[in-house]
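Subject: Structure handover and notes on its contacts

Hello,

I am passing on the structure we discussed; please keep in mind that it is a predicted model. What I found in it follows below the sequence and coordinates.

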Amino acid sequence: MTEQQAIYDEVSALLVKLFEVEPQDIHPDARLYEDLELDSIDAVDMIVHLQKKTGKKIKPEEFKAVRTVQDVVDAVERLLKEA
């Protein structure tokens, strides 16, 4: 399993567990706000959980451009590579 696949699986599990998103609705191009119906509070919760999981501080500017599930995966992957 690639690192990106592992991150994708983790993000997917987080969306299902925390926000009760249906697993079949989650795919790389799914838009967080429009398709998965997350709001800004949900986005903050997701960042907090990802910080705990990775042990890394996520800069707010990293997540300002995040719009899709794949964007989240890419942002987390960049964060892990910086370490």
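Asp35 is a convenient place to begin: with a relative accessibility of 35%, Asp35 counts as partly exposed. This residue forms a salt bridge with Arg31, and the closest N and O atoms of the two are 3.0 Å apart. Arg31 is likewise partly exposed, at a relative accessible area of 38%.

How many salt bridges does a search of the whole structure find? The search returns three. In general, side chains of opposite charge can pair when their charged atoms come close. The Asp35 and Arg31 pair is one of the salt bridges, and the others are described next.

Lys53 pairs with Glu10, their closest N and O atoms being 3.7 Å apart. Lys53 belongs to helix H2 (residues 40–54) and Glu10 to helix H1 (residues 3–19), so this salt bridge ties together parts that are 43 residues apart in sequence. Lys53 is exposed, with a relative accessible area of 55%, whereas Glu10 counts as partly exposed at 31%.

Glu77 forms a salt bridge with Lys81, with 3.8 Å between the closest N and O atoms. Both residues lie in helix H4 (residues 69–82), four residues apart, which is about one turn of the helix. Is Glu77 buried or exposed? Glu77 has a relative accessible area of 15%, and because the limit for buried is under 20%, Glu77 counts as buried. Its partner Lys81 counts as exposed, at 59% relative accessibility.

Glu77 also has neighbours in another part of the chain. Setting aside residues up to four places away in sequence, Glu77 touches Glu3, Gln4 and Ile7. These residues of H1 are part of the contact between H1 and H4.

As for the helix pair itself, H1 and H4 pack at an angle of about 125°, and their axes are 9 Å apart. Why are H1 and H4 described as oblique to each other? An angle over 145 degrees would count as roughly antiparallel and one from 65 to 115 as roughly perpendicular; the angle of about 125° is in neither range, and H1 and H4 are therefore oblique. The crossing of H1 past H4 is right-handed. On the H1 side, the contact is made by Glu3, Gln4, Ile7, Tyr8, Val11 and Leu15. On the H4 side, the residues involved include Val69, Val72, Val73, Val76 and Leu80, along with both Glu77 and Lys81 of the salt bridge above.

The last item concerns Thr54 and the loop that follows. Thr54 is found in helix H2. Which residues does Thr54 contact, leaving aside its neighbours within four places in sequence? They are Val76, Leu79 and Leu80. Val76 and Leu80 also take part in the contact that H4 makes with H1.

The Thr54 side chain reaches the backbone nitrogen of Lys56 at 3.2 Å. Lys56 is located in the loop between H2 and helix H3 (60–64), and at 29% relative accessibility Lys56 counts as partly exposed. Along the chain, Lys56 and Leu79 are 23 residues apart, and their C-alpha atoms are separated by 7.4 Å. Leu79 thus appears twice here, as a contact of Thr54 and in the C-alpha pair with Lys56.

Regards

Methods. Residues numbered from 1 in each chain as written. Predicted model: local features only at pLDDT ≥ 70, side-chain atom pairs only at ≥ 80, totals over all residues. Heavy atoms only, no water. Salt bridge = Lys/Arg side-chain N within 4 Å of Asp/Glu carboxyl O. Helix = DSSP H or I, 4+ residues; strand = E, 2+ residues; numbered from the N terminus. Buried < 20%, exposed > 50% of the residue type's maximum accessible area, 1.4 Å probe, protein only. Polar contact = N/O pair within 3.5 Å; in protein donor to acceptor, adjacent residues only side chain to side chain. Contact = heavy atoms within 4.5 Å. Axes fitted to C-alpha atoms, helices over the stretch in contact; angles between N-to-C directions. Parallel < 35°, antiparallel > 145°, perpendicular 65-115°, else oblique. Left-handed = near helix turned anticlockwise from the far one by under 90°.
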